[in-house]
Amino acid sequence: MTDQRYFASNEKDEVELNRLRLLENIFDPTTIRHLEMIRVSEGWHCLEVGAGAGSVAQWLSAHAGLTGKVVATDIDIRFLRQLSIPNLEIRQHDIIKDDLETGQYDLVHCRAVLMHLPEPEKGLKRMANAVRPGGWLLIEEADYGSVLSTDVTNPSAVTFTSTLRTLWEFLRKKGIVDPYFGRRVRGLVEQLEFIDVGQEGWTRMFRGGEPFARFSAMTLQATAKPMIAAGLLTQEQVDSVQRLLMDPAFNYLGLTGFAAWGRRPANQV
């Protein structure tokens, strides 16, 4: 059972799993660095919202140990079901609709989740309420506003940038995803009145054929048909961008990953 609001809900298992593994390849090193900074420890109770294929949930389980517990939630748990870890609970859950325990978790984390929600502030508030006094909230979201070719003199680069920006705008207007959500995370955490708030943004250069390029190609493939049908893109434009994304000679500036974190005050109820 999947949620039709999620653009990849109907993708075949092997296609969507491959896409999620690429996402893990891109984001896991930075996520793990943030979790190590927070010092996730033996005995912690952790909540991983939108756990996807489960790489972060597995990392948390290993560090919380048998005296701790990790709850991994998603609206689509087809890949999480494959995990069998003693201290890991898999829960099909919609962060907008379904209740969560209040004040129970030492850490609540989500990555690339809020940008998909019709009411992200409501989802974030539910996550914040699940953090115990003294516990941590960590949110990580992408922002695609930085994506563009590095070779602005190449005619194909113009097509690349314009096609992807048409894609982002289509997804935003349809309410499928907010591709510019990442830039909001710092302000959203600050509004919670948490303490020890920190934030970070990172971006990097990518080359065709690398994990992020393949991830982008799969996302474009999953969303191109309705855009072509609506006359927003041509098949030729899509094919041109797909070729560039697979070309090792093509370099471009990728997304910006934004993270923000904070700790619930001990006296906050």
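1. Strand 2, which spans residues 69–74, is mostly covered, with five of its six residues buried. The model under discussion is a predicted one, and the points below should be read on that footing.

2. Strand 2 pairs with two other strands. Strand 1 runs parallel to strand 2, and five bridges join them; within this pairing, His-45 has Lys-69 of strand 2 as its bridge partner. Strand 3 (residues 88–92) also pairs with strand 2 in the parallel sense, again over five bridges. Here Asp-74 has Gln-92 of strand 3 as its bridge partner.

3. The connection between the strands may be noted next. Strand 1, helix 2 (residues 55–64) and strand 2 together make a β-α-β unit, and this unit is right-handed.

4. Glu-48 deserves a separate comment. This residue belongs to strand 1, which covers residues 45–49. Glu-48 is buried but has no salt bridge. The nearest side chain of opposite charge is that of Arg-111, at 6.0 Å; a salt bridge would require the side-chain nitrogen and the carboxyl oxygen to lie within 4 Å. The side chain of Glu-48 does, however, make a polar contact of 2.6 Å with the side chain of His-109.

5. The surroundings of Glu-48 can be listed as well. Apart from neighbours within four places in sequence, Glu-48 is in contact with Val-56, Ala-57, Leu-60, Val-71, Ala-72, Thr-73 and His-109.

6. A second acidic residue to consider is Asp-28, which is found in helix 1 (residues 13–38). Asp-28 counts as buried because its relative accessibility is 13%, and the limit for that class is under 20%. With neighbours within four places in sequence set aside, the contacts of Asp-28 are Leu-23, Ser-55, Val-56 and Arg-111.

7. The structure holds 16 salt bridges. One of them is formed by Arg-33 and Glu-200, whose closest N and O atoms are 2.9 Å apart. This pair links distant parts of the chain: Arg-33 is in helix 1 and Glu-200 is in strand 7 (residues 195–207), a separation of 167 residues. Arg-33 counts as partly exposed, since its relative accessibility is 40%. Glu-200 is also partly exposed, with a relative accessible area of 21%.

8. Asp-106 and Arg-132 form a further salt bridge, in which the closest N and O atoms are 2.4 Å apart. Asp-106 lies in strand 4 (residues 105–111) and Arg-132 lies in strand 5 (residues 131–143), so the pair ties together parts that are 26 residues apart in sequence. The two partners fall into separate accessibility classes: Asp-106 counts as buried at 11% relative accessibility, whereas Arg-132 counts as partly exposed at 30%.

9. A salt bridge within one helix is found between Arg-172 and Glu-169, with the closest N and O atoms 2.3 Å apart. Both residues lie in helix 4 (residues 155–173), and they are three residues apart, about one turn of the helix. Arg-172 counts as partly exposed because its relative accessibility is 36%. Glu-169 counts as partly exposed because its relative accessibility is 25%.

10. Salt bridges that share partners also join Lys-69, Glu-89, Arg-91 and Glu-101 into one network. Lys-69 has already appeared above as the bridge partner of His-45 in strand 2.

11. The remaining remarks concern strand 8, which spans residues 251–263. Strand 5 pairs with strand 8 in the antiparallel sense over eight bridges, and Ile-139 stands opposite Ala-260 of strand 8. Strand 7 likewise runs antiparallel to strand 8, with ten bridges joining them. In strand 8, Phe-258 is the residue opposite Gly-201.

12. Strand 6 (residues 148–149) is joined to strand 8 by two bridges, and these strands run antiparallel. Leu-148 has Leu-253 of strand 8 as its bridge partner.

13. Two of the salt bridges discussed above involve strands that also pair with strand 8. Arg-132 lies in strand 5, which is joined to strand 8 over eight bridges. Glu-200 lies in strand 7, which is joined to strand 8 by ten bridges.

Definitions and conventions:
Residues numbered from 1 in each chain as written. Predicted model: local features only at pLDDT ≥ 70, side-chain atom pairs only at ≥ 80, totals over all residues. Heavy atoms only, no water. Helix = DSSP H or I, 4+ residues; strand = E, 2+ residues; numbered from the N terminus. Buried < 20%, exposed > 50% of the residue type's maximum accessible area, 1.4 Å probe, protein only. Lys, Arg positive; Asp, Glu negative; His and termini not counted. Polar contact = N/O pair within 3.5 Å; in protein donor to acceptor, adjacent residues only side chain to side chain. Contact = heavy atoms within 4.5 Å. Pairing = 2+ DSSP bridges. Right-handed = clockwise from strand over helix to strand, strands pointing away.
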